[in-house]
Amino acid sequence: MKLEESAIFEKIPIEDTTIENTTSLQPIISVRNLTKVFGQNWERALELHSSGRTKDEIYEETGSTLALDDVSFDVIPGETFVLMGLSGSGKSTLLRCINRLIEPTEGEILLDGEDIVGMGQEELRETRRSKLGMIFQSFALLPHKTVLDNVAFGLEIQGVPAEERHTKAEEVLQMVGLGGYGGSMPDELSGGMKQRVGLARALTSDPDILLMDEAFSALDPLIRRDMQDELLDLQQRLGKTIIFVTHDLDEALKLGDRIALMKDGAIVQVGTPEEILTNPENAYVEKFVADVDLTRVLTASEVMRRPEPVAQCTAGPRVALHLMEEHDIPGIFVITRQRMLRGRVTLDAAAEAVKKGKQLADILITDVPIVAPDASLSDIISLIVESPYPVAVVDDTGRLRGVISRGAILAALARKGEDVNATA
Ligand SMILES: Nc1ncnc2c1ncn2[C@@H]1O[C@H](COP(=O)(O)OP(=O)(O)OP(=O)(O)O)[C@@H](O)[C@H]1O
């Protein structure tokens, strides 16, 4: 009898929580065949490229650098899309082409269907202002202005009156956890706080898209982790589309709904963190992800068993006992009519209850450990190992999504390990 089978449930419609619904949405950004050559001799560089020369050969002959090589991808509204790759792979160039801080050599970048590459200066300025916010690694704060004025600077340039822009700036400072710091000067702040100011500044004009270039790379590891959590939280609250550049795989796996891995100016794979890890499309990706600790990537929802039948708490001990005997299992979870998890009943306790005429409620074990579907395995593994019973995975509306036992963890790790090895 397997421990993970000790839960039976009524058929609960399982809603897939992946981004499957969003794939039918129109992309907010579509990059098509984007190429960037730095240097005068770009036409010759492109000729050499189409005749099969490498980036280094092209540079040797022309002095020009092929920084982006026919890049195409879509970004879906509300997702965090991470551009990841080693130094020099073209991440920053790609990000800066999106707001045209760098002019692409060839290709299209559609923002909500409009090609930013073809825009004139006025239209470009308006698009940048209303749709795009940028956050830099170096914070790029104005040292002689207060935090409030730094945050309000974009609005000041647009001619927004002082009172209105300060009210807005104060509001976004609150949003990033810096309420009350408006009067401080940038050099009075820690690195993490400075980057919060950078984030606030980008949010003042309420852009749809945030472009973040190695935004947390200059921060100490602990502060960096805090900022990543803060960004995930903000993202959940505000639903912005984020394009996030990083060379750090852990950061990419933590923040990305999808990740594009870049090499020599080209995208070598786009996929969810799980896809990149468990299904690397080529040897380069495989090598890139070889040392990843799977427990930090897998979440509770990927390891849990999806529940099948449920015992309602109105059912009584006789029904519970019947279900357990019928399915040859030692225990069941019990839920209310609203599908909230109430607790767990063991076979022995149910038999006892029937004998003594007790009710189901009298024998419920209610301190069943509960974890959230998106909890990482590394955070919950000790809880699961120490729990005498399977742990319940419950979403934030209280719905029981599944159960995890010790065996399920080992099975999931073995499965993922096999998947990774099978592609080797
Ligand atoms: N202004 C420039 N002039 C000439 N070459 C450039 C320029 N900016 C970038 N490059 C070159 O383009 C290529 C891609 O650089 P890019 O900065 O986009 O890479 P990256 O992946 O962001 O790396 P890093 O993390 O080091 O910034 C590199 O070969 C780089 O040397």
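How many bridges join strand β9 to β10, and in which sense do the two strands run? The legends below answer this and describe further parts of the chain, all in a predicted model.

**View 1. Strands β9 and β10 in a sheet of 6 strands.** Strand β9 (residues 258-263) is joined to β10 by 5 bridges, and the two run antiparallel. One residue pair here is Lys263 with its bridge partner Ala266 in β10. The open sheet has the strand order β6-β7-β8-β3-β9-β10, and its pairing is mixed. At the edges stand β6 and β10 (266-271); each has a single partner strand, so one side of each is left without a neighbour in the sheet. On average, neighbouring strands of this sheet are turned by 15° against each other, direction ignored. Helix α3 packs on the sheet, where it touches β3 (80-85), β7, β8 (241-246) and β9. The direction of α3 makes about 150° with that of β8.

**View 2. The shell around the ligand.** Which residues surround the ligand? They are Phe38, Thr65, Ala67, Gly85, Ser87, Gly88, Ser89, Gly90, Lys91, Ser92, Thr93 and His247. Sorted by class, the shell has 2 nonpolar, 9 polar and 1 charged residues. At least two residues of the shell come from each of β2 (65-75) and α3 (91-98). The largest share belongs to α3, which gives 3 residues.

**View 3. Strand β1 and its partners β2 and β4.** Strand β1 (residues 29-38) pairs with β2 in the antiparallel sense over 7 bridges. Within this pairing, Leu34 stands opposite Val71 in β2. Strand β1 is also joined to strand β4 (residues 106-111), by 5 bridges, and these two strands run antiparallel. Here Thr35 stands opposite Glu106 in β4.

**View 4. Helix α7 and its surroundings.** Helix α7 (residues 191-203) has 13 residues. From first C-alpha to last it reaches 18 Å, close to the 18 Å expected at 1.5 Å a residue. Is α7 mostly covered or mostly uncovered? Helix α7 is mostly covered, with 10 of its 13 residues buried. Among the buried residues are Lys194, Gln195, Arg196 and Leu203. The buried residues of α7 pack against two strands and three helices named here in turn: β6 (132-136), α5 (147-157), α6 (162-175), β7 (209-213) and α8 (221-238).

**View 5. Leu219 in a loop.** Leu219 lies in the loop between β7 and α8. Why does Leu219 count as partly exposed? There are 19 other C-beta atoms within 10 Å of Leu219, and a residue counts as buried if 20 or more lie within that distance and as exposed if 12 or fewer do, so Leu219 falls in between. Leaving aside neighbours within four places in sequence, Leu219 is in contact with Gly191, Gly192, Gln195, Arg224 and Met227. Leu219 and Ser190 are 29 residues apart in sequence, and their C-alpha atoms are 9.4 Å apart in space.

**View 6. The open sheet of β14, β15 and β16.** This sheet has 3 strands in the order β14-β15-β16, with mixed pairing. The edge strands, β14 (370-371) and β16 (400-404), each pair on one side only. Strand β15 (residues 391-394) pairs with β16 in the antiparallel sense over 4 bridges. One bridge partner pair is Val391 with Ile404 in β16.

Methods. Residues are numbered from 1 along each chain as its sequence is written. This is a predicted model: local features need pLDDT of at least 70, side-chain atom pairs count only at pLDDT 80 or more; totals for chains, interfaces and linings use all residues. A residue is near a molecule or strand if its C-beta atom, placed from the backbone, lies within 6 Å of it. Ala, Val, Leu, Ile, Met, Phe, Trp, Tyr, Cys and Pro count as nonpolar, Asp, Glu, Lys and Arg as charged, and the others, Gly among them, as polar. Two strands pair if DSSP finds at least two bridges between them. The expected span of a helix is 1.5 Å times one less than its number of residues. Two residues are in contact if their C-beta atoms, placed from the backbone, lie within 7 Å. Axes are lines fitted to C-alpha atoms, for helices over the stretch in contact, and angles run from 0 to 180 degrees between N-to-C directions.
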